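Biologist: Could you take one strand in the middle of a sheet and walk me through its surroundings? I'd like the cut-offs spelled out as you go.

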Amino acid sequence: MGLLSDPDVGSAKWVRVLKRVHGPVCFLCYVGALVWFVLLGHRDFNNETYFSENALLPGLVTNEFNAEQSASQYYNELLLELETKYEEMDVMPVSWLVGMMSHIHLEVYTHNFTLHYPLGRGQVFRGTNVYGILRAPRTSSLEALVVSVPYRNVGSHQKTTAAGIALMLAFAKFARPQKYWAKDIIFLVTQHDQLGMQAWLEAYHGLHNENEPFHASLGSFWKPGTPAFNMESFFPNIPLRRNHKKALNPGTLKGRSGSIQAAILLEFSTPQIRYIEVKIEGLNGQLPNLDLVNLVHKLCQKSGIHHSFAKSYSWIRGRDSMDEWKNGFWTMFEMVLGQIDGVPDGNHGLFHRFGIEAVTLEGRDELDPGGKVPRVNSLSFCNFYKLGIALESILRSLNNLLERFHQSYFFYILASTHRFISIGQYMPSLCLLCVAMLIRALSLWVTTLQQDGDYNDKQTKKVTTKSSKHKLEKAKDSDSEEPGEQETQEVKKVKTPEKKKATINMSVLNIGVNYLLLHLIGYGVMNTPFILSYYGSLYYNKPPEVSVYFGIISIAVLLIFITPFLPYMLRKGPITYEELSLVNILVLTELSTVCLSVAMQNFSLGFAIAVIYTPLALMTSVYVKGSGKARACVQLLKRVWCVCVHPLVVVVASMVAYSRTLVADDTWLATLGRGSDAAMQAIMFSVADSMLYGNWLFNLTTSVILPIWLIFWQILNIKVDAP
Amino acid sequence: MGVILKYVVAGLLRYWLINLDYWQTIANRVEIATPLNSWKRLIEGVYLYDHNINPYEGDSFHESPIMLVFFYYIMKKVPFILPVLFTFLDLLTAHLLYKTSKAFIRILKESQEKQLAEVADESKPMLLDDAQLKESAEYVLSVYLFNPYSVLNCAGMTTTVIQNLLVATALWGASSGQRIVACVFIALATHQALYPVLLIVPIALILAEVNKGCTKCSYIRTLLVFVLSWGFLIYLSAYIMDGSYKYVYNTYGFILTVPDLKPNIGLFWYFFTEMFEHFRVLFVCAFQINALALYVIPLTLRFKKDPILLATVLIALSSIFRSYPCVGDVGFYLALLPMWKHLFTFMQQKFIVGCTFIITSALGPTVWHLWIYSGSANANFFFGVTLSFATAQIFLITDLLFAYIKREFTLKHGSSRQVDGKPAKLVLR
């Protein structure tokens with residue numbers, strides 16, 4: 001209560017201090033955040049991984065896997081089958097798989113799904129998944145584990161997964177007669193990579209995304225035929241909505257098991273791999289429980305298989321602590337980079353959304369596209385026996401689970417295969433960035449208020465003269481948007497200016513409408529790809545990625561030119577200093593809120609947004625007319641910087657940088673062209689991912705980050721009279 | 001013209017949200033719908049009633065029988081007007097609040113004139129003038145119409161819409177001196193959600209102030225009318241349920257004993273899930289005393305002269321501490337705050353409270369998603385956010401009260417805060 005009722009809290013002293021030091025403090029916060037982040041790679045700032053879930057009992061069983069012969073047999077048969085029958089075709093050897101699975105006496109089912117591609121001309125893709133269920137002898141199919149291999153045909157640009165399928169079948173053959181299974185095991189082969197996986201998961205969980213309108217909730221009280229409100233009936237000719245509910249038709253499953261506890265995905269092209277890469281990043285940056293990741297690393301190690309995670313290799317040890325720090329940082333950095341886009345790096349990523357812990361084991365050899373792997377040639381080759389042992393130990397360990405994974409960490413960054421950084425350790429770096437923005441907002445808040453006359457009761461001393469009456473009114477009015485701030489902008493929308501008096505230089509209406517309008521623009525941009533690709537293919541006969549890319553570029557350019565004039569269109573008089581400061585405070589608060597909320601879900605994305613936009617947020621200030629040449633130059637520089645961090649510019653720049661790292665010896669022009677093409681693809685992928693899988697990156701960027709950027713752009717481009 | 005435009009825009013916004021495809025998502029949010037007020041449960045109750053099953057025998061329906069019958073007839077006869085009805089009722093609430101705040105401001109003005117003699121000369125400019133007062137009524141209207149909390153509450157079609165209407169009508173009745181209206185409607189609101197029973201105190205004070213005359217007689221009369229109408233409503237409900245009083249266990253009993261621990265924005269659920277069962281009675285009593293009785297007497301003694309502030313604060317406190325709060329309650333008392341616009345100058349925690357409101361409103365749904373859908377966060381995350389939301393609200397209320405005291409002091413003694421030549425410290429007591 002002391003904090004609440006102490007009148008000295010609002011005293012002018014700390015306000016003065018704050019006004020003087022907020023610049024350096026914000027800068028320190030920013031630098032501190034980055035330093036903290038870099039430090040996280042160091043041993044002293046992260047922890048050794050450990051098992052929280054005792055029920056897992058990793059590696060306690062005696063391995064019995066003995067089906068390596070049948071694995072080789074399956075492998076050769078499958079290769080032969082593919083070469084003779086399926087070489088040219090983009091279909092899966094369904095009959096072969098069904099035959100083999102039935103032969104092992106699994107319950108075999110096939111699952112058909114259809115995709116109506118939501119963009120462009122509406123192509124239709126069809127696919128089939130095959131799965132076999134091993135019913136647990138000890139329980140009644142209440143829980144299940146999944147072992148899955150994505151099928152890739154020979155002609156695809158990715159490595160095939162023939163060895164993975166063979167290993168899975170051999171393991172199924174080995175596991176079928178065992179009596180110890182307490183959970184069903186579902187052996188699943190999916191087609192079209194993530195698409196098939198998504199379709200199978202949706203079908204398994206009976207997901208139908210039909211959002212029901214109000215009258216559906218009335219049930220039998222609603223008489224059919226009663227008129228209901230329908231937006232589409234107003235615009236019959238324009239395809240307003242993306243029918244992404246219908247885009248992927250997951251079909252139905254004929255056979256089901258219990259709730260899935262965990263899933264292991266295998267991607268092996270040959271048994272002669274050098275090491276296994278454990279992939280964990282999922283949709284929207286979601287991660288599997290750390291216990292599962294530990295389990296996999298631990299059991300790979302126990303089975304004598306070399307394993308790695310994001311450039312952290314189990315067979316490489318740092319020479320000294322500096323070396324370890326460097327390695328730890330790069331592993332961490334690579335993981336963060338991979339998480340930003342929220343695209344899963346394997347089929348396991350789609351399980352996370354359903355609360356299922358899943359990882360992918362990818363077999364790699366020395367010819368890996370990810371770059372040069374140190375000392376990889378000295379590693380011995382793996383074989384089906386070792387892989388089978390590893391898979392057996394993992395599944396038998398998972399078989400021991402008594403309840404869902406709930407211990408250990410869900411939010412972490414790995415600094416190597418055996419070290420991790422928990423949420424409590426990495427959050428401070430993000431919080432420092434958000435605090436920097438909030439300090440800036442607070443200092444603007446007190447500055448604006450003080451210029452109005454009375455910030456706190458000590459200054460009410462001044463309220464004795466006649467002229468100060470006006471000041472007080474001003475202050476009161478500037479206070480009046482305080483509830484407005486709590487209740488967001490909509491409140492302000494309709495506060496009509498007529499009732500304002502001439503002495504009051506604050507029109508909540510205009511800035512509120514402006515603020516809201518920019519967010520609506522962002523929402524509109526989010527919905528454009530469908531319309532753009534529709535008209536692009538209708539009138540210009542362009543593929544959807546081209547029409548979406550150039551459509552979005554032209555919208556962005558248009559917005560850059562229009563938005564600074566937007567506030568003028570909504571009003572008669574000039575914009576005042578107080579109004580613009582208020583907008584600045586609001587947008588700072590919004591940005592820090594957004595960063596925090598996003599980082600709760602996907603730390604990497606939130607951190608990236610914060611790192612990119614905090615400098616802009618901190619340097620944005622209201623420009624007063626006639627502040628001299630130097631200020632004008634600075635303002636110009638700020639504008640240039642603002643353009644540099646436009647979301648679209650950031651995307652293109654990062655793609656150019658990325659293609660530069662891939663193909664280094666190229667002219668800059670060629671790199672630029674390649675980067676632009678990559679950006680086109682990236683935007684298209686993010687649009688498609690948001691429609692098919694529910695990736696949030698595109699929606700977030702267009703409906704939240706873009707409006708925030710536009711507001712900063714407005715603040716930088718509007719000149720106001722001195723207060 | 002401007003006012004009508006506001007109503008139209010706000011009405012269209014609400015109506016559009018109800019007819020959105022995402023309506024179910026809105027209506028099922030834990031922040032919006034609680035076991036007490038959710039549309040889903042209302043439908044369930046009406047359905048059971050329609051099939052001649054007593055809805056109070058199960059554990060799904062907790063509305064009062066009067067509401068049950070009301071919605072039963074609407075759903076039977078004219079189900080398609082429900083979206084319009086809810087929109088209309090919410091707009092009516094806004095209108096009544098607008099009227100109320102106008103009347104309240106008149107009362108404020110009168111009391112200011114009464115105290116004019118005590119005001120120090122240098123504080124004279126701080127007195128309220130007509131334009132300012134008129135403005136704040138407009139703000140009340142805007143805030144209720146466009147506050148996302150109220151908008152979402154109406155879009156979710158919770159019965160809190162009705163409760164807000166009842167409370168607003170009662171306040172309006174009190175402010176215009178109509179004892180019967182005020183008492184009957186506060187009895188209706190009490191019958192529905194119990195916590196509005198607190199408001200009988202400020203309403204009695206306001207009625208006594210508006211209807212000049214014998215104060216004590218006025219108090220007694222108000223109380224009498226209230227008790228009689230409440231009793232009548234209880235009887236009427238029993239009559240509807242064929243003379244059985246069993247519904248009391250599933251309405252008042254449900255509110256008081258908090259058996260359903262579904263998470264909401266309040267403070268009860270987490271505490272009672274964590275607690276050992278044999279302490280339950282003790283803590284239920286403690287929590288309910290905190291929500292129902294603790295603040296009434298001290299606040300009444302301190303703010304006797306300003307029953308309107310008392311009403312605002314009691315509404316706010318009971319919505320923070322009640323067993324099943326929802327954002328509709330928060331939206332309702334936030335709409336009353338602009339009446340105290342002249343106190344905002346004296347408030348110190350505006351920035352903190354504002355930021356916390358924004359941040360918690362965004363973080364709450366995020367951590368809920370992580371907890372329920374992703375399975376990666378847990379209950380503590382969500383509770384942490386709701387706890388800071390509640391703290392922000394408490395800061396807001398305390399700050400408001402303290403600002404009132406500061407203003408009172410400044411009016412009386414001028415702005416130099418000196419007692420016997422030494423700087424003095426104001427304490428909220």
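Modeller: Here is a close look at one strand and its sheet, with a short detour at the end.

First, the ground rules: this is a predicted model, where local features need pLDDT of at least 70, side-chain atom pairs count only at pLDDT 80 or more, and totals for chains, interfaces and linings use all residues. Residues are numbered from 1 along each chain as its sequence is written, while chains are lettered from A and ligands numbered from 1 in the order in which they are written.

The part I've picked is strand 4 of chain A, residues 143-150. Helices (H or I, at least four residues) and strands (E, at least two) are DSSP runs, numbered from the N terminus. The sheet is an open one of 10 strands in chain A, with mixed pairing and the order 6-2-3-5-4-7-11-8-9-10. Its edges are strand 6 (248-249) and strand 10 (312-313) of chain A, each paired on one side only; pairing here takes at least two DSSP bridges between two strands.

In that order, strand 4 sits between strands 5 and 7. With strand 5 of chain A it pairs in the parallel sense over seven bridges, and A:Pro150 stands opposite A:Thr190 there. Towards the other neighbour, strand 7 (residues 259-267) of chain A, there are six bridges, and the two strands again run parallel. On that side A:Ala144 faces A:Ile260, and A:Val147 has A:Ile264 as its bridge partner.

Now the side chains. A:Glu143, A:Leu145, A:Val147 and A:Val149 point one way, A:Ala144, A:Val146, A:Ser148 and A:Pro150 the other, and all are buried. Buried means that 20 or more other C-beta atoms lie within 10 Å of a residue's own; exposed means 12 or fewer, and partly exposed is in between, with C-beta atoms placed from the backbone. Eight of the eight residues of strand 4 of chain A are buried, so the strand is largely enclosed by the rest of the structure.

Part of the surroundings is helix 6 (residues 194-204) of chain A, which lies across strands 2, 3, 4, 5 and 6 of chain A, at about 110° to strand 2. That angle is taken between N-to-C directions, from 0 to 180 degrees, using axes fitted to C-alpha atoms, for helices over the stretch in contact; contact means C-beta atoms, placed from the backbone, within 7 Å.

For contrast, try A:Asp666, in the loop between helix 21 (647-662) and helix 22 (668-692) of chain A. With 14 C-beta neighbours inside 10 Å, A:Asp666 counts as partly exposed.

Methods
Two residues are in contact if their C-beta atoms, placed from the backbone, lie within 7 Å.
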